[in-house]
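Please read the following points alongside the coordinates. They take up the contact between the chains, the domains, the core and the confidence of the model.

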Amino acid sequence: MLLLRTILARLATTAVTLFGVAVIVFVVIRVVPGNPIAMMLPPNATAADIDRLRALYGFDKSIPQQFLIWGWGVLHGDFGTSISLRQPVLGLVLGRLPATLELSVMALVMAVLLGGVAALTGTRKRGTRVEAGIDVANGVAMSVPDFLWGLLLIILFGVLVPVFQISGRVTPDLKLPFTTQFYLVESVLRLRFDLTADLLSHMFMPALALALPLAAIIGQLLKQSLKETMHLDYVTLTRTKGYGENHVILREALPNAILPTLTLIGVQFTFLIGGTVIVERLFSYEGLGNMAIDAVINRDLPLIQGIVIVFALLFTAVNLVVDMTYAALNPRLRHA
Amino acid sequence: MPRSIPGCVMLDGRAAIRRRLGLRLWLSGGWLALVLLAALLAPWISPQDPLAQDLMSGRLPPFWVPQTEPGFWLGTDSLGRDVLSRIIWGARVALIVAFVAGTLTATIGSALGLIAGYFRGWADRLISRLVDIWMAFPPVLFAILLIAVLGPGLMSIIIAIVVIDWTRFARVIRAEAMNQGAMDYVASAQVAGMPRGRIMLAEILPNVLPTIVALLSLEMGISVIVEAILSFVNLSISTDQPTWGGMIAEGRISVHQAWWVLVFPLIALFLTVLSFSQFGEGLKDRFDPVLR
């Protein structure tokens, strides 16, 4: 009962947040000087042309009116029509979203693996040079953002030792048998591992660039929690029973130390998704973020609005899931 | 087994940590001082005119490659402009953005955080709701959108950074101000009849200042990156002003023909961002009473 009330309250604040995002994007791209229609048309367009187009996209109405029309459409699944691509926004966004989701999840998996290994190794070798080395690596990985890691990886694995692809999502002349946009998932399901390899070779560097800062944060926090747990009485008890250090860390300390890290991963995952915008651009990866930058450059108002709302939905959904998982995992919150 | 006696390991480790911290502060501070000098002395120390184009000497490799032309230490880009001179002049834009945008963001964000965390009530509800909404935007997209709207230029970049990043300070300082507000010294100041606005500025602010300073240093690094990202998507300052991000964007395109056009500005950017964050962390640890 209480859980249900918490969920409803969270949904209400989420709705307010989404509404706020919608209002801000809508106003920001309209209030400021600059006529989107004039930018769309060639310089020799007549005033009549401009008026016709303005009416077509509804820009002749007042901003509150435009917002209501747009909001009504969104609630009915109609996000308007892209100006530059002349297609429904929803279809365009849904066509690109899977690429971004696959990239983000891949990056998350890499971050958890790298961070987890760093934390466990650091705990196993605590007080030694190995731990000091891991600390320094974490510090560097954490302070340098995904954009710079992407550029460094391009030089390392794209130019110096060219083992990975530095541009695109898949080699262009490949024949793709896919029916959905989840290429990676589908290539595995169809057992087309040649395509999986090609997709991974394109995805490796952008995903690693996104993963490195998060891996460092995970590694640092998890190691800290593990080291604190290692001093608790029940862990000492396990050790006096004669269990080895690996067993103590993995079986006894880890389950208790992991909760703060899980919460952190949830919050940081939204930052990671936000990072896809520039990293996709850097690697010419055909995802939502890359399309968003083109939309801004082309002043494609309906498309910008649609993409920002989808990102905001994604962020709030991730936060919601994290909060629920945390409530379900933490017995103290469950019965509070 | 030293590891079974936690206290000893901690004490041992602490001395090592302190030595490492000192080195970190010196190294990062040294690099930042070098960049600052380069920015200040750019007209006198840059070996070439950073804007001078010479298509005959385009894509010259750096000095250690045989048969390159002397005078272009780090090579030239596709238009024959000197890479080293452009990096030196690019330091100006980077540092102006870092200091102005960083300071403004820190001031506005911390002020809102202090108000929300200490006064609570409707101010806190309003500010926290705004932070929630801001956190639902992908920041890079938000920045690009703002620049598209404000028009390119140094001023636009600074405004965009402040508008987007104030939440970083507001969130952290709000939490710190809440912690401080619950402490005895604040309660006693209230009992003594001190006005709440003065308590906030004279009692709480000094105690959250180390955090603000560390975050400020971090924010300066972030500002440099934001400028580079905006230059990279071609939305920063006019194209004839040398910026590290603009150089990187050019270098990314011709990376297979002339790697040095990408690598050298990238190294400058990498070290500067890393130094800002390490310098901030180092300062914070200096101020941290537990480590001191």
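1. Two residues are taken to be in contact if their C-beta atoms, placed from the backbone, lie within 7 Å. On that criterion, in this predicted model, 35 residues of chain A are in contact with 34 residues of chain B. On the chain A side, α1 (2-31), α6 (129-143), α7 (146-160), α11 (245-282), α12 (288-297) and α13 (301-329) each supply at least two of the residues that touch chain B. By class, this side of chain A divides into 26 nonpolar, 7 polar and 2 charged residues. For the complex, the predictor gives an ipTM of 0.84 and a pTM of 0.87.

2. Chain A is divided into domain 1 (2-75) and domain 2 (93-334), and the C-alpha centres of these two domains of chain A lie 33 Å apart. Between them, 13 residues of domain 1 of chain A are in contact with 12 residues of domain 2 of chain A. On the domain 1 side, α1 and α2 (36-40) of chain A each supply at least two of the touching residues, and α1(A) gives the most, with 10 residues. That side of domain 1 of chain A has 10 nonpolar, 2 polar and 1 charged residues. Helix α1 of chain A is thus worth inspecting in both settings, since α1 (2-31) is also listed among the helices of chain A that supply at least two residues to the side touching chain B.

3. The largest nonpolar core has 167 residues, and those with the most contacts inside it are A:Ile307 and B:Ile144. Helix α9 (residues 193-230) of chain A provides the largest share of this core, 19 residues. Because domain 1 (2-75) and domain 2 (93-334) of chain A both give residues to the core, it lies between them. Not counting residues up to four places away in sequence, B:Ile144 touches A:Ile293 and A:Val296 as well as B:Val233 and B:Leu235.

4. A:Leu282 may serve as a local check on chain A, and it is found in helix α11 of that chain. Is A:Leu282 buried or exposed? With 28 other C-beta atoms within 10 Å, A:Leu282 is buried, because the threshold for that class is 20 or more. Leaving aside neighbours within four places in sequence, A:Leu282 is in contact with A:Phe147, A:Gly150 and A:Leu151. A:Leu282 and A:Gly168 are 114 residues apart in sequence, while their C-alpha atoms are 9.7 Å apart in space.

5. The secondary structure of chain B comes to 10 helices and 0 strands, and read along the sequence it follows the pattern α-α-α-α-α-α-α-α-α-α. Of the 292 residues of chain B, 47% count as buried. Among the contacts in chain B with a separation of 6 or more, 71% are accounted for by residues 24 or more positions apart.

6. As to confidence, the mean pLDDT of chain B is 83, and 87% of its residues reach 70 or more. Within chain B, confidence is lowest in helix α1 (residues 6-40), at a mean of 73, and highest in helix α3 (residues 83-119), at 93. Over residues 1-11 of chain B the pLDDT is below 50, and beyond near neighbours in sequence this stretch has 8 contacts in the model. Where pLDDT is low, the predicted coordinates should not be read in detail.

Note on methods:
Residues are numbered from 1 along each chain as its sequence is written. Chains are lettered from A and ligands numbered from 1 in the order in which they are written. This is a predicted model: local features need pLDDT of at least 70, side-chain atom pairs count only at pLDDT 80 or more; totals for chains, interfaces and linings use all residues. pLDDT is the predictor's confidence in each residue, from 0 to 100. Helices (H or I, at least four residues) and strands (E, at least two) are DSSP runs, numbered from the N terminus. A residue is buried if 20 or more other C-beta atoms lie within 10 Å of its own, exposed if 12 or fewer, and partly exposed in between; C-beta atoms are placed from the backbone. Ala, Val, Leu, Ile, Met, Phe, Trp, Tyr, Cys and Pro count as nonpolar, Asp, Glu, Lys and Arg as charged, and the others, Gly among them, as polar. Domain bounds come from an automatic or database domain assignment. A nonpolar core is a set of buried Ala, Val, Leu, Ile, Met, Phe, Trp, Tyr and Cys residues joined through C-beta atoms within 7 Å.
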